[in-house]
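Please look at the sequence and the structure shown below. A visitor then puts questions to a guide.

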Amino acid sequence: MSPLEAPSPAPPTLVAIGNFDGVHRGHRGVLGRALAEAGRLGLAPTVLTFAPHPAEVLGRGAPPTLTRLPRKVALLGALSPSLRVFVQAFDLAFAAQTPEAFARGLLARQLGAREVIVGENFRFGKDRSGDFATLTELGRALGFVVRSEPLAGDEGGPWSSTRARAALRAGDLDDVGRVLGRPHALEGVVARGQGRARQLGFPTANLEGVVEALPPYGVYAVRVERAGAEGADGEPLGPGVANIGVRPTLAAGFAVEAHLLEGGGDLYGERLRLHLVARLRPERAFAGVEELREQIGRDVEAARIALAFPPGGH
């Protein structure tokens with residue numbers, strides 16, 4: 001079933017509502033408990049998420065994306081074959097609904113909710129006028145129970161999308177991995193570049209259309225895969241070293257580009273996913289092309305070491 005299709009007719013469901021950006025360890029813990037609860041109660045487990053991000057539509061500025069929509073749906077679906085993912089198109093007309101219309105039309109009627117799980121700070125309906133207490137009261141009238149689930153965490157705090165973004169901004173890939181339970185990934189289609197990296201002896205795949213949040217400009221050890229259809233895992237292409245930044249020595253402009261250490265053949269037009277394993281160094285300008293070439297050689301060796309012994313074991 002397409003993630004944009006509601007189940008019809010709707011069996012009684014347990015519905016977990018959220019953005020679920022990153023599908024991190026906190027999300028997976030909540031959804032794991034939801035799956036167990038749904039099984040115990042004989043309900044169909046369902047995730048309700050929204051696209052685009054409501055903050056984007058409402059002009060409040062959406063946070064940087066950790067996982068594009070198809071990847072998020074694939075990661076959610078991988079948690080259990082019984083879990084259904086429903087993506088509600090979020091636009092101004094949907095945002096203008098009253099809280100009652102949201103609860104009655106989408107949750108009760110369309111999704112058949114008998115139990116609803118939300119965060120304690122969940123807001124919904126016109127002008128974000130509905131809150132947890134509002135939904136609880138509506139649920140009593142419409143036949144569903146509402147509860148919240150705290151996110152688990154570790155000594156660094158809760159596993160949250162906010163924490164993952166902050167760690168990524170700081171270049172702390174170790175903490176990003178602790179929150180996500182996997183390396184952060186960037187995805188894009190390989191486009192023809194200016195060929196300067198090839199002239200240096202280190203041909204790169206230049207990715208266009210990357211929407212995921214970026215770490216600080218610099219050089220990274222990555223694992224590269226050919227992205228699967230509809231956000232699924234894909235074919236591994238091996239280790240690589242990626243440069244994210246404006247390439248100041250060559251004055252070549254911004255790029256997300258990766259050199260595959262074991263070669264990759266002709267990848268033009270392919271959709272690749274780069275898993276960021278370790279930060280090797282910040283971006284910097286070199287005195288000339290030869291100095292840059294020598295540094296790239298050192299970056300390649302550093303990437304080999306980092307990928308053989310990834311920090312934190314991820």
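The dialogue that follows moves from the whole protein to single residues.

Visitor: What kind of model is this, and from which number are residues counted along each chain?

Guide: This is a predicted model, in which local features need pLDDT of at least 70 and side-chain atom pairs count only at pLDDT 80 or more, while totals for chains, interfaces and linings use all residues. Side-chain values use heavy atoms, with hydrogens and water left out, and along each chain, as its sequence is written, residues are numbered from 1.

Visitor: How many helices and strands does the protein have?

Guide: Helices (H or I, at least four residues) and strands (E, at least two) are DSSP runs, numbered from the N terminus. The C-alpha trace that holds them spans about 75 × 35 × 35 Å along its principal axes. The count for the protein is ten helices and 13 strands.

Visitor: What percentage of the residues count as buried?

Guide: A residue is buried under 20% relative accessible area, exposed over 50%, and partly exposed in between, with a 1.4 Å probe and protein chains only. Among the 314 residues of the protein, the buried share is 49%.

Visitor: What share of the contacts with a separation of 6 or more comes from residues 24 or more positions apart?

Guide: A contact means heavy atoms within 4.5 Å. Val-256 in strand β12 offers an example, since it is in contact with residues including Leu-207, which is 49 residues away in sequence. For the whole protein, the share asked for is 73%.

Visitor: Is Val-256 buried or exposed?

Guide: Besides Leu-207, the contacts of Val-256 beyond four places in sequence include Leu-186, Val-210 and Leu-274. The C-alpha atoms of Val-256 and Leu-207 are 5.6 Å apart. Because its relative accessibility is 3%, Val-256 counts as buried.

Visitor: How many residues of helix α8 are buried?

Guide: Helix α8 comprises residues 173-180 and is mostly covered. Its buried residues include Leu-173, Val-176 and Leu-180, and their cover includes α1, α7, β10 and β13. Of the eight residues in α8, the number buried is six.

Visitor: Which residue forms a salt bridge with Arg-178?

Guide: A salt bridge is a side-chain nitrogen of Lys or Arg within 4 Å of a carboxyl oxygen of Asp or Glu. An α-helix has 3.6 residues a turn, so residues three or four places apart point the same way. Arg-178 and its partner lie three residues apart in helix α8, and their closest N and O atoms are 3.1 Å apart. The partner of Arg-178 is Asp-175.

Visitor: In which helix do Glu-37 and Arg-40 lie about one helical turn apart?

Guide: Glu-37 and Arg-40 form a salt bridge, with the closest N and O atoms 3.1 Å apart. Glu-37 is buried because its relative accessible area is 19%, whereas Arg-40 is exposed because its value is 59%. The two residues are three places apart, and therefore separated by about one helical turn, in helix α1.

Visitor: How many residues apart are Glu-187 and Arg-271?

Guide: The side chains of Glu-187 and Arg-271 meet in a salt bridge, at 3.3 Å from N to O. This pair links distant parts of the chain, with Glu-187 in strand β8 and Arg-271 in strand β13, and the separation is 84 residues.

Visitor: Which bond has an omega near -5°?

Guide: Pro-52 lies in the loop between β2 and α2. The bond leading to this residue is cis, and it is the peptide bond from Ala-51 to Pro-52.

Visitor: In which loop is Asp-127 found?

Guide: Asp-127 has a positive phi of about 55° although it is not a glycine. With 68% relative accessibility, Asp-127 counts as exposed. Its place is the loop between β4 (113-118) and α6 (132-142).

Visitor: Where does Glu-230 lie?

Guide: Glu-230 is not a glycine, yet its phi is positive, at about 55°. A relative accessible area of 74% makes Glu-230 exposed. Glu-230 lies in the loop between β10 and β11.
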